[in-house]
Amino acid sequence: MSRLFNYFFKGVVLLAPLAFTVYVCVRVFATIDGWLGIPIPGVGFVATVALITLFGFLASSFLTRQLLSMVEGVLERLPFVRLLYSSTKDLLNAFVGEKRRFDKPVLVAPFPGGEGRVLGFITQETLTTIGMSEHVAVYMPQSYNFAGQLMIFPATAVTILDAESADVMAFIVSGGVTVPPVRRDLRTPPGVSKRIAGAP
């Protein structure tokens, strides 16, 4: 009986992530198909991806960029719309845009003299505009959540972790369950410590 339970739970561990992924994909396909009114499953999703890709291609041209700048100028003048548009745009740019922000994983010493360390991502390397030129902005995602916290630290309390950003993000979001990110050679911006925690 114990062996059967072990087999059952092993099957759950193997099948649950696959089933959840398939379920989410099917729901996304069905939702987009429903919006477009296309009876063939999956065609609406493919059409949406193609349309977004075409729009991205057109946005690369000079004339389209000028038109988009005009539209953005109008949106920036509307109080509530400006908040929604700018925050959504900045968030997407942080992940997939040309000005990615979550590409500098770091170790942070949150308590002076303490041994604990926190993983995060540098989003601003200088805060001179608010009178904190010796500090950096670090975003710390939460485990099993889409939320996080933005905290300000002295640059000397931050250590660059030269690892793949996606691996670090997965490690944080999973609560440390996934394989820890592999550290590569260190590359350190000015003012940030080269010493990894625990290293001589």
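Helix axes are lines fitted to C-alpha atoms over the stretch in contact, and the angle between two of them runs from 0 to 180 degrees between N-to-C directions. With that convention in hand, the predicted model can be described from its two crossing helices outward to its sheet.

## Overall composition

The protein has 5 helices and 5 strands, and along the sequence these follow the pattern α-α-α-α-β-β-β-β-β-α. Of the 200 residues in the protein, 21% are buried. The exposed surface comes to about 14,700 Å², of which carbon and sulfur atoms supply 69%. Among the contacts in the protein with a separation of 6 or more, 35% are between residues 24 or more positions apart.

## The crossing of H1 and H2

Two packed helices are described by the angle between their axes and the distance between the axes. Helix H1 covers residues 2-36 and helix H2 covers residues 43-58, and their axes come within 7 Å of each other while crossing at roughly 80 degrees. Angles of 65 to 115 degrees count as roughly perpendicular, and H1 and H2 are therefore roughly perpendicular to each other. On the H1 side the contact is made by Val28, Phe29, Ile32, Asp33 and Leu36, and on the H2 side by Val43, Gly44, Phe45 and Thr48. Sorted by class, the contact of H1 with H2 has 6 nonpolar, 2 polar and 1 charged residues.

Valine 43, which has its place in helix H2, is one of the residues making this contact. Is valine 43 buried or exposed? Valine 43 falls in between, being partly exposed with a relative accessible area of 35%. Leaving aside its neighbours within four places in sequence, valine 43 is in contact with Asp33 and Ile38. The C-alpha atoms of valine 43 and alanine 30, which are 13 residues apart along the chain, are separated by 9.7 Å.

## The five-stranded sheet

Strands of a sheet pair through backbone hydrogen bonds, either parallel or antiparallel. Here the sheet is open, has 5 strands in the order S4-S3-S2-S1-S5, and is paired in the antiparallel sense. Strand S4 (148-154) and strand S5 (158-160) stand at the edges with a single partner strand each, so one side of each is left without a neighbour in the sheet. From one strand to the next, the twist averages 45 degrees.

The table follows the pairings across the sheet, with one pair of facing residues for each.

| Strand pair | Bridges | Residues paired |
|---|---|---|
| S3 and S4, antiparallel | 7 bridges | tyrosine 139 and leucine 150 |
| S2 and S3, antiparallel | 3 bridges | isoleucine 122 and valine 138 |
| S1 and S2, antiparallel | 4 bridges | valine 108 and valine 118 |
| S1 and S5, antiparallel | 3 bridges | leucine 107 and threonine 159 |

Between S2 and S3 a further pair can be named, since the bridge partner of glutamine 124 in S3 is alanine 137.

How many of the residues of S3 are buried? In S3, 6 of the 7 residues are buried, so this strand is largely enclosed by the rest of the structure. In S2, 5 of the 7 residues are buried, so S2 too is largely enclosed by the rest of the structure. Buried in this sense means under 20% relative accessible area.

## Helix H5 and the segment after it

Helix H5 (residues 165-173) lies across S1, strand S2 (118-124) and strand S3 (135-141), and runs at about 130 degrees to S2. In the segment after H5 is glycine 175, which is partly exposed, with a relative accessible area of 45%. Not counting residues up to four places away in sequence, glycine 175 touches Ser143 and Tyr144. The C-alpha atoms of glycine 175 and tyrosine 144 are separated by 6.8 Å, although these residues are 31 residues apart along the chain.

## Summary

Taken together, the predicted model has an H1 and H2 pair that cross at roughly 80 degrees, and an open antiparallel sheet in the order S4-S3-S2-S1-S5, with helix H5 lying across S1, S2 and S3.

How values were computed. Residues numbered from 1 in each chain as written. Predicted model: local features only at pLDDT ≥ 70, side-chain atom pairs only at ≥ 80, totals over all residues. Heavy atoms only, no water. Pairing = 2+ DSSP bridges. Helix = DSSP H or I, 4+ residues; strand = E, 2+ residues; numbered from the N terminus. Contact = heavy atoms within 4.5 Å. Parallel < 35°, antiparallel > 145°, perpendicular 65-115°, else oblique. Nonpolar A, V, L, I, M, F, W, Y, C, P; charged D, E, K, R; others polar. Buried < 20%, exposed > 50% of the residue type's maximum accessible area, 1.4 Å probe, protein only. Areas by Shrake-Rupley, 256 points an atom, 1.4 Å probe, with all protein chains shown as cover.
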